[in-house]
Amino acid sequence: MLRAVAREWLSWVYPFVCELCGRGGLDGCHVCPDCRRSFVPVEPPFCAVCGEPAEGSFIPSGLCRRCAAALPSFEEARAVYVNMGSLRDLLLAFF
């Protein structure tokens, strides 16, 4: 209950607005549902190491050509969405 009260108070002091379109009234999320629908999900097939979509450069080992040529310093990575469009703009805004 205390958490709900604190969240409500925070929404009055720092209203939750969409970081992309500026629409307000969000419930603790920084991107509204309409803007999230524009994000392109990463779907199989994707590289078993870096998680990048295959896009025709896939080899039978399950790795993309870049990871097959030189494995990265990490074991595995995944992204939910492809880094493009409004999602890319949002990520670049952090830098």
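Hi everyone. A contact here means heavy atoms within 4.5 Å. With that in hand, here is a first figure for our protein chain: among its contacts with a separation of 6 or more, 35% join residues 24 or more positions apart. Please keep in mind that this is a predicted model.

Let me start with the overall layout. The protein chain has four helices and zero strands, so to speak in order from the N terminus, we read α-α-α-α. Of its 95 residues, 22% count as buried. The chain exposes about 7300 Å², and carbon and sulfur atoms supply 61% of that area.

Now to the inside. Nonpolar side chains in soluble globular proteins tend to be buried together. Which residues make up the largest nonpolar core here? There are seven of them: Cys18, Val31, Cys32, Cys35, Phe39, Leu87 and Leu90. A second, separate core has six residues, including Cys47, Val49, Cys50 and Cys67.

I'd like to stay with Phe39 for a moment. Is Phe39 buried or exposed? Its relative accessibility is 10%, and the cut-off for buried is under 20%, so Phe39 counts as buried. If we set aside the neighbours within four places in sequence, Phe39 is in contact with Leu20, Val31, Tyr81, Ser86 and Leu87. Val31 and Leu87 in that list are also members of the largest core.

Tyr81 in that list brings us to the aromatic rings. How many aromatic pairs does a search of the whole structure find? The search finds one. Two numbers describe a pair of aromatic rings: the distance of the centres and the angle of the planes. For Phe39 and Tyr81, the ring centres are 5.2 Å apart and the planes sit at 70°, so this pair is edge-to-face. Phe39 is in the loop between α2 (33–36) and α3 (65–69), while Tyr81 is in the loop between α3 and α4; the pair therefore ties together parts that are 42 residues apart in sequence. Unlike buried Phe39, Tyr81 counts as partly exposed, at 32% relative accessibility.

On to the charges. Side chains of opposite charge can pair when their charged atoms come close. The count for this model comes to three salt bridges. Arg23 and Asp34 meet in one of them, at 3.0 Å from N to O. Why does this pair tie together parts that are eleven residues apart in sequence? Because Arg23 lies in the loop between α1 (2–13) and α2, whereas Asp34 lies in helix α2 itself. Both partners count as partly exposed: Arg23 has 38% relative accessibility, and Asp34 has 41%.

Asp34 also forms a salt bridge with Arg37, where the closest N and O atoms are 2.3 Å apart. Arg37 is exposed, with a relative accessible area of 61%. Then there is the salt bridge of Arg78 and Glu76, at 3.9 Å from N to O. Arg78 counts as partly exposed at 42%, and Glu76 is exposed at 55%. Shared partners join Arg23, Asp34 and Arg37 into one network.

Next, a look at the backbone. The peptide bond from Pro44 to Pro45 is cis, with omega near 0°. Where is Pro45? Pro45 sits in the loop between α2 and α3, and it counts as partly exposed at 47% relative accessibility. From C-alpha to C-alpha, Pro45 and Leu63 are 9.9 Å apart in space, with their positions 18 residues apart in sequence counted as a separation.

Last stop, the surface. Which residues form a nonpolar patch there? They are Leu91, Leu92, Phe94 and Phe95, with about 530 Å² of accessible area together. Leu91 is found in helix α4 (residues 85–93). Its relative accessible area of 37% makes Leu91 partly exposed.

To wrap up, here are the places to find on your screens. Look for Phe39 with its edge-to-face partner Tyr81, the network of Arg23, Asp34 and Arg37, the cis bond from Pro44 to Pro45, and the surface patch that includes Leu91. Thanks, everyone!

Methods:
Residues are numbered from 1 along each chain as its sequence is written. This is a predicted model: local features need pLDDT of at least 70, side-chain atom pairs count only at pLDDT 80 or more; totals for chains, interfaces and linings use all residues. Side-chain values use heavy atoms; hydrogens and water are left out. Patches are made of residues with over 30% relative accessible area and no salt bridge: like charges are joined within 9 Å, nonpolar side chains (Val, Leu, Ile, Met, Phe, Trp, Tyr) within 5 Å. Accessible areas come from the Shrake-Rupley method with a 1.4 Å probe; for residues, only the protein chains shown count as cover. A salt bridge is a side-chain nitrogen of Lys or Arg within 4 Å of a carboxyl oxygen of Asp or Glu. Helices (H or I, at least four residues) and strands (E, at least two) are DSSP runs, numbered from the N terminus. Buried means under 20% relative accessible area, exposed over 50%, partly exposed in between (1.4 Å probe, protein chains only). Rings of Phe, Tyr and Trp (its six-membered ring) pair if their centres lie within 6.5 Å; planes under 30 degrees apart count as stacked, over 60 as edge-to-face and the rest as tilted. A nonpolar core is a set of buried Ala, Val, Leu, Ile, Met, Phe, Trp, Tyr and Cys residues joined through side-chain atoms within 4.5 Å.
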